[in-house]
Amino acid sequence: MSVSVPERVRKFVLDNFYVEDPESLLDDTSLVKEGIVDSTGMLEVITFLEDAFHIRVADHETVPANLESVALISDFVQRKLQLRATG
Amino acid sequence: MVGAIRYRGPDEFGLYRDGRAGLVHARLSIIDLATGQQPLSNEDGTLWVIFNGEIFNYVELREELEALGHRFRTRSDTEVIVHAWESWATSAFERFNGQFAIALWDARREELILARDRLGVRPLYLCEHRGRLWFASEVKSIFAAVPGIPRALDPVGLAETFTFWTVVAPQSVFQGVEELPPGHVRVVSARGSEQSCFWRPRYPAGPDEGFRGSLSEAAERVRGALLEAVRLRMLRSDVPVGSYLSGGLDSSIVAALGRQAKGSRFITFSLRFEDAEYDETPFQREVAALIESDHRELLVRREDIAEAFPAVVYHAERPLLRTAPAPLFLLSKLVREAETKVVLTGEGADEMFAGYDLFREARVRRFWGRQPGSKVRPRLLERLYPYLARSPVAQRALAREFFAAGIAEWRAPGFSHFPRWRASGALLRLLRRDVREAARGSDVVGRLLASLPPEHGRWDHLSRDQYLEVRTLLSGYLLSSQGDRMLMAHSVEGRFPFLDPDVVALANALPPSYKLRGLDEKHVLKRAAEGLVPKSVLARTKQPYRAPDAVSFVGRSSPAWVEELLSGGALLRSGIFDPAVVGALWRKCRDHGEGGQFSNTDNMALVGVLSTQILHDAFVAHPPDAGPPPRFTTLVDRIDRGQP
């Protein structure tokens, strides 16, 4: 059974950033506003996405719409993967 | 031989010799003052040892060895070494929690065993000359004792110094002299010589290896390991132990834990600088007040640095690119005057817990290297170096170019250190052409990278970077030129809790994100230090220890010897540097003057040239002084009595 994209992203955030109560990390929790991931922590998130999913994150894609929450990150990754599959 | 280094052990002198080998020792008495004389033997006098250093777990090892049937005559840690060798041979050394250079002579098998501690706290040099092997704690000891021995600087050693900021063992800066690498043992007999590695740094080869607990658990373990390391080093001594306080996180942790371990006050020692940009006095005093230490301070001015510099180089026995050792030389004198023989210091924390800017830089540069065309990624450099964000556009562009060099090779071994090695490599242009060509031809970077352990490629990036820093700068420069040499110059022993085997093993096993969290350095160490050191110390941005460099040698108070050593005549005599290039450098530095801002390269260049000239004068042009012959309190002479 393979692990889904949202599960992998969630696990990465929980493992690498100090989240006091894992239950409190919802799919739409704002990572930056809640102070879970600061702007330099984004470096690690992007590195993880590139390594784990073999995608490239361009400058213009490093925006809140793509990276702000577990849900948004997962959507972003899935779009990239679909593009790769079809393109 | 030992007269030349009597400052390393002014308390007692001892000698053993037979028809095949000689051991001579200068003792700095710290444990078992009454009966711990050296050389020291096993029960039947067939195995002899001399050593420089401490075996902190000697109490526990002694219990084990007594249970195996060994009989002890003294209370010293030294005696543990002979019996440990008898029972465990080369695997004895990995059981030692300590810092040491050891020479064992097995008179029956006619075998010499030389060993050096894991990280190179204590020095050990070897030199073969006319069929004899000479070994000593310092090169001057060999040069003073052996009249016909050739003395010359090695261009390969100079190439390493100007590239890595240090030589990397076994390479020394002298031709024909080698240094036993840290964590190695060499067994020498008439049949030949064999060298093996009993320990080297290890890191997890994948996420399934290494420490698996949470960050909080890690912080707790770190604190526990450090407390035990400090306890051993604070309490296992028959003379008073003090502590250095730089004002930074690492030495503050050590001093605070020292207070906990000891339960009463002790002396702390700090450096103060006239130049405000180097001074850390307020933080030092805050920690001293917190632990209620008997706090001593030494104010260092540029003139003090210049005046001490020749002695500093004489003790360091290698070219220096920074004057940072000089204040430490002066500080150990203060320690001696305070009748203290031992100090704890914070060395090693930046290597083990990822404290240096270099590690953060490497992380940013790798991130950038994945997308070399990105405009956004290099902006993270401004987070590391805020001055960049405030600089004119041209300077930002130049800095970017500096960091961008080789950026696409972010997976390559050595990537983290390329900017430093490239910048220092520019210093090679100072060398006279033939010396430079010999230096360039030796490909010191290639040689170092070829010697990386085979498992290196399986480590995470941070671990690889840490390994390189441990292998080069920690052993070769910090523990030597800023550590052992400056301390022992005034007969003071340094002890380094961050280099304790359990602390090192734990630190190396931690996930990289616990050490470098995003760009927050030494994260788990800061967590471990909460409640232990003042908040202000925890909140400080990293300030590397430095002293005024080139500026110490220009201006009104510049000593006459500076101009002399940099003169055309002196440069021609030593034959190392190109007089025209050095002449231009010196003119530039003089023009900058006392108020000048020197570039990093010019700082390193001027200090590098001066120190190499001093070194040449003190070791090559003339042999080092052998000093007055010592009076031996221990004398075992088997030559005349014809005993085996």
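## Strands E12, E13 and E14 of chain B

In this predicted model, Ser243(B) has Thr268(B), in E13(B), as its bridge partner. That pair belongs to a parallel arrangement in which strand E12 (residues 241-244) of chain B is joined to E13(B) by 2 bridges. E13(B) also runs parallel to strand E14 (residues 294-300) of chain B, and here 7 bridges join the two. One of the pairs to look for is Leu271(B) with Leu298(B), the latter in E14(B).

How enclosed is strand E13 of chain B by the rest of the structure? Strand E13 spans residues 267-273, and 5 of its 7 residues are buried, so the rest of the structure largely encloses it. A residue counts as buried here when 20 or more other C-beta atoms lie within 10 Å of its own.

## A three-stranded antiparallel sheet

Next, let us turn to another group of strands in chain B. Three strands form an open sheet in the order E8-E7-E9 (chain B), and their pairing is antiparallel. Strand E8 (132-136) and strand E9 (177-179) of chain B are the edge strands, each pairing on one side only. From one strand to the next, the twist averages 25 degrees.

Within this sheet, strand E7 (residues 125-129) of chain B is connected to E8(B) by 5 bridges, and the two run antiparallel. If you would like a landmark, find Leu126(B), which stands opposite Phe135(B) in E8(B).

## Helix H4 of chain B

Helix H4 of chain B is worth a stop on the tour. Is H4(B) mostly covered or mostly uncovered? Mostly covered: 10 of its 10 residues are buried. They include Pro155(B), Val156(B) and Gly157(B), as well as Glu160(B), Phe162(B) and Phe164(B). Glu160(B) is a name to note in that list of buried residues, as are Thr161(B) and Thr163(B).

Which helices do the buried residues of H4(B) pack against? Their partners in chain B are helix H15 (418-425), helix H16 (433-441), helix H17 (444-450), helix H18 (461-478) and helix H27 (600-621). Just after H4(B) comes Trp165(B), which has a positive phi, near 75 degrees.

## Domains of chain B

The domain assignment divides chain B into domain 1 (2-199 + 629-637), domain 2 (215-353 + 468-539) and domain 3 (550-621). Taken over C-alpha atoms, the centres of domain 1 and domain 2 of chain B are 26 Å apart.

Where domain 1 of chain B meets domain 2 of chain B, 28 residues of the former are in contact with 32 residues of the latter. Helix H3 (139-145) and helix H4 (155-164) of chain B each contribute at least two residues to the side of domain 1 that touches domain 2. By class, that side of domain 1 of chain B has 18 nonpolar, 4 polar and 6 charged residues.

## Chain B as a whole

Stepping back, chain B contains 27 helices and 17 strands. Its C-alpha trace spans about 80 × 60 × 50 Å along the principal axes. The radius of gyration of chain B is 24 Å, which agrees with the value near 26 Å for a compact globule of 644 residues.

Of the 644 residues in chain B, 51% are buried. Long-range contacts are a good way to follow the fold: among contacts in chain B between residues at least 6 apart in sequence, 73% join residues at least 24 apart.

## Chain A and its contact with chain B

Chain A has 4 helices and 0 strands, so to speak a run of α-α-α-α when read from the N terminus on. Along the principal axes, its C-alpha atoms fill a box of roughly 40 × 35 × 20 Å. With 87 residues, a compact globule would have a radius of gyration near 12 Å, and the 12 Å of chain A agrees. Buried residues account for 23% of the 87 residues in chain A. Of the contacts in chain A with a separation of 6 or more, 54% involve residues 24 or more positions apart.

The two chains meet through 12 residues of chain A in contact with 12 residues of chain B. Which element gives the largest share of the side of chain A that touches chain B? Helix H2 (residues 41-53) of chain A does, with 5 residues. This side of chain A divides into 2 nonpolar, 5 polar and 5 charged residues.

Technical notes
Residues numbered from 1 in each chain as written. Chains lettered and ligands numbered in written order. Predicted model: local features only at pLDDT ≥ 70, side-chain atom pairs only at ≥ 80, totals over all residues. Domains from an automatic or database assignment. Contact = placed C-beta atoms within 7 Å. Nonpolar A, V, L, I, M, F, W, Y, C, P; charged D, E, K, R; others polar. Pairing = 2+ DSSP bridges. Axes fitted to C-alpha atoms, helices over the stretch in contact; angles between N-to-C directions. Rg over C-alpha atoms; globule rule 2.2 N^0.38 Å. Buried ≥ 20, exposed ≤ 12 C-beta atoms within 10 Å, placed from the backbone.
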